[in-house]
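The exercises below take a reader through one structure, step by step. Try each task before reading its solution.

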Amino acid sequence: MYIKQYLKRGIISENPIFVQAIALCPALAVSGTVFNGLGMGLATAFVLLLTNVLISALRGVIPVKARIPCFVVIIAGAVTAVNMLVEAYIPVLHANLGIFLPLIAVNCIILARGESFAFKNGIFRSAMDAIGMGLGFTIALVMLSAVRELFGFGTLFDGTSFMVAMPETFPQTLLFILPPGAFITLGIMMAALRHMASKRKAKTEEVAS
């Protein structure tokens with residue numbers, strides 16, 4: 001029951017990007033291709049899971065007045081470990097993400113979930129919350145990256161063995177690759193998803209009445 005609730009909250013009702021509109025800097029900066037977006041999403045999700053579990057496990061010994069510095073140390077350690085793992089095993093992704101990989105340490109999702117949830121709940125619930133929010137962040141990044149890569153480069157999963165290339169006649173627009181295109185694409189996607197959610201809510205209320 002809890003698993004379904006946390007997944008739905010992180011992916012749909014409280015999606016970090018499409019609903020809460022937080023952590024937009026890395027989302028817009030690395031969403032030029034699906035490969036980069038997926039890599040950043042999974043790295044952030046792993047850091048979030050690790051920090052939530054550690055904060056929850058140590059909440060009994062972390063002083064309340066010193067909790068934020070303690071959270072920062074835990075987050076920095078988790079990000080350092082992830083950064084080293086990516087550099088060692090996926091050097092191409094590490095090169096593509098550049099400074100944005102170590103900057104996961106200042107991603108507001110990580111600190112916010114540690115402060116608002118992990119520090120107040122048990123390990124299992126904190127892990128489920130991290131998985132839900134991490135998946136929501138990753139899915140949103142992949143969706144944004146897919147639209148930008150498809151209409152900007154005419155490809156999908158470029159840089160991987162699963163790359164799909166559109167025909168030469170497929171329209172490609174430079175705007176989707178540029179930073180303004182990232183803002184415009186995200187705005188359109190957010191508006192479309194909220195419109196769909198409002199229509200679904202209205203339909204549900206109509207059926208209930």
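**Exercise 1. Place T138 and find what its side chain reaches.**

Solution. T138 lies in helix α7, where helices are DSSP runs of H or I with at least four residues, numbered from the N terminus. The model is predicted, so local features need pLDDT of at least 70 and side-chain atom pairs count only at pLDDT 80 or more, while totals for chains, interfaces and linings use all residues. Residues are numbered from 1 along each chain as its sequence is written, and side-chain values use heavy atoms, with hydrogens and water left out.

Next, consider burial: T138 has a relative accessible area of 7% and therefore counts as buried (buried means under 20%, exposed over 50%, and partly exposed in between, with a 1.4 Å probe and protein chains only). Its side chain reaches the backbone oxygen of G134 at 2.8 Å and the backbone oxygen of G41 at 3.0 Å. Leaving out residues up to four places away in sequence, T138 touches L38, G41, L42 and A45, a contact being heavy atoms within 4.5 Å.

**Exercise 2. Work out which residues the salt bridges join.**

Solution. A search of the whole structure finds 3 salt bridges, each a side-chain nitrogen of Lys or Arg within 4 Å of a carboxyl oxygen of Asp or Glu.

- R9 pairs with D129, with the closest N and O atoms 2.8 Å apart; because R9 lies in helix α1 (residues 2–13) and D129 in helix α7, this pair ties together parts that are 120 residues apart in sequence.
- D129 also meets R113 in a salt bridge at 2.7 Å, N to O, which links helix α7 with helix α6 across 16 residues.
- R67 pairs with E115, the closest N and O atoms being 2.9 Å apart, and so ties helix α4 to helix α6, parts 48 residues apart in sequence.

As a last step, R9, R113 and D129 are linked in a network of salt bridges. D129 and R113 are both buried, and R9 counts as buried at 17% relative accessibility, whereas R67 is partly exposed, with a relative accessible area of 24%.

**Exercise 3. Identify the helix that gives most to the largest nonpolar core.**

Solution. This core has 32 residues, and those with the most contacts inside it are I17, F18, V47, I104 and L186 (a nonpolar core is a set of buried Ala, Val, Leu, Ile, Met, Phe, Trp, Tyr and Cys residues joined through side-chain atoms within 4.5 Å). The largest share of this core, 6 residues, comes from α7.

Notes. Helix = DSSP H or I, 4+ residues; strand = E, 2+ residues; numbered from the N terminus. Polar contact = N/O pair within 3.5 Å; in protein donor to acceptor, adjacent residues only side chain to side chain.
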